[in-house]
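Visitor: I'd like a quick walk through this model before I head back to the bench. Could you take my questions as they come?

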Amino acid sequence: MILPIICGVMWGTGGVFVRAFNSFGFNSVSILAIRVAGALIILFILMMIFDRDALRIDLKDIWMFVGAGVFGTLMLNLCYNEAAFNISLSLSALLLSLAPIFALMFSVVLFGEKITYKKLVCLFVALFGCVLVSGLLESSSGFTWSTYGVVCGLGSAVFWALYGVFSKFASNKGYSTFTIVFYSFIMLMICLAPFTQWGLFGSYLMADPLPNFTFATLHSVITSVLPYFLFSYALTNMDNGKATILCSGAEPCSATIWGALFFAEFPSLLNLIGIVIAIGAVSVLSTLNDA
């Protein structure tokens with residue numbers, strides 16, 4: 001059960017990497033491209049060694065990977081990066097963790113799932129928790145507030161839920177998690193490559209080769225490759241609902257700690273209460289969906 005928590009902690013570090021790259025002059029597209037390029041290389045090597053069959057797909061199913069990669073992962077990461085630039089890391093991560101709410105909405109439209117009174121209560125409680133975390137109710141809140149940042153944070157949750165929809169289609173066709181991630185990343189990279197600051201990345205590596213190369217590699221491993229492996233392995237020993245709850249709870253908590261350590265984003269009592277409320281509501285919602 002500790003594996004989903006570790007995944008949440010790893011995903012919670014994303015904002016630290018994003019801000020570090022941004023301070024060097026990288027934009028959102030380039031930060032994402034650097035991460036995805038490294039993840040693709042590592043995934044390809046691992047799949048060639050351990051599971052070559054996972055590299056095989058039916059070309060008629062390519063639309064699923066385009067949807068997951070472009071309309072899911074691409075937009076999710078661009079929105080999350082922008083949120084991390086404009087609001088606190090804890091609020092960015094918490095808004096992303098609201099994805100189950102939007103997943104519920106998509107399920108209603110696409111799969112005919114019913115919205116119950118309990119689910120609506122969870123939705124509004126989670127949103128109230130986000131209001132507390134945002135610092136809107138505190139005149140002296142030290143957290144960075146931005147309407148644009150909040151919209152981007154909510155957008156990341158929407159696109160994360162959309163990624164889940166396309167992944168579900170692919171999973172129902174028999175594709176493994178790593179096949180879905182790998183080909184989604186390929187579609188994503190095709191879109192990113194023409195707009196990436198490759199020259200700046202070269203300058204970044206030349207400025208301090210070993211530390212900067214290590215940092216870029218860690219960005220790919222910690223926020224992409226390793227969490228997917230650990231989360232998938234966790235699902236072989238526990239149900240998806242519990243794993244999602246543990247991961248969704250750990251990510252904003254992790255982001256809060258990193259924000260305080262690296263950027264002096266110290267949460268107030270109301271911020272902490274808001275995190276607990278929002279995580280609790282999303283956890284209950286995930287349990288209802290899983291049931």
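Guide: Here come some questions and answers on the fold, a helix pair, the cysteines and a few single residues.
This is a predicted model, so to speak: local features need pLDDT of at least 70, side-chain atom pairs count only at pLDDT 80 or more, and totals for chains, interfaces and linings use all residues. Residues are numbered from 1 along each chain as its sequence is written, and side-chain values use heavy atoms, with hydrogens and water left out.

Visitor: How many helices and how many strands are there in the chain?
Guide: Helices (H or I, at least four residues) and strands (E, at least two) are DSSP runs, numbered from the N terminus. Reading from that end, the elements go α-α-α-α-α-α-α-α-α-α-α-α-α. The count comes to 13 helices and zero strands.

Visitor: What share of the 291 residues counts as buried?
Guide: Buried means under 20% relative accessible area, exposed means over 50%, and partly exposed is in between (1.4 Å probe, protein chains only). For the 291 residues of the chain, the buried share is 50%.

Visitor: Among contacts between residues at least 6 apart in sequence, what percentage joins residues at least 24 apart?
Guide: A contact here means heavy atoms within 4.5 Å. Take the contacts between residues at least 6 apart, and the part joining residues at least 24 apart is 85%.

Visitor: At what angle do helix 5 and helix 8 pack?
Guide: Two packed helices are described by the angle between their axes and the distance between the axes. The axes are lines fitted to C-alpha atoms, for helices over the stretch in contact, and angles run from 0 to 180 degrees between N-to-C directions. For helix 5 (residues 89-96) and helix 8 (residues 147-172), the axes are 7 Å apart and the angle is about 35 degrees.

Visitor: Which residues of helix 8 does helix 5 meet?
Guide: Helix 5 brings Leu91, Leu95 and Leu96 to the contact. Its partners in helix 8 are Val150, Gly153, Leu154, Ser156, Ala157 and Trp160.

Visitor: Where is alanine 157, and is it buried or exposed?
Guide: Alanine 157 is found in helix 8. Not counting residues up to four places away in sequence, alanine 157 touches Leu95, Leu96, Leu98, Ala99 and Phe102. Leucine 98 is 59 residues away in sequence, yet the C-alpha atoms of the two are 5.8 Å apart. With a relative accessible area of 0%, alanine 157 is buried.

Visitor: Why is cysteine 152 in no disulfide with cysteine 79?
Guide: A disulfide is a pair of cysteine sulfur atoms within 2.5 Å, and the structure holds zero of them. Cysteine 79 is buried at 12% relative accessibility, and cysteine 152 is buried at 9%. The sulfur of cysteine 152 is too far from that of cysteine 79 for a bond, because the distance is 5.4 Å.

Visitor: Is arginine 19 buried or exposed?
Guide: Arginine 19 sits in helix 2 (residues 14-23). Leaving aside neighbours within four places in sequence, its contacts are Ala84, Ile87, Ser88, Leu89, Phe263 and Glu265. Its relative accessible area is 16%, so arginine 19 is buried.

Visitor: And which residues is asparagine 81 in contact with, leaving aside neighbours within four places in sequence?
Guide: Asparagine 81 lies in helix 4 (residues 62-86). At 5% relative accessibility, asparagine 81 counts as buried. Its contacts are Val18, Ser28, Ile31 and Leu32.
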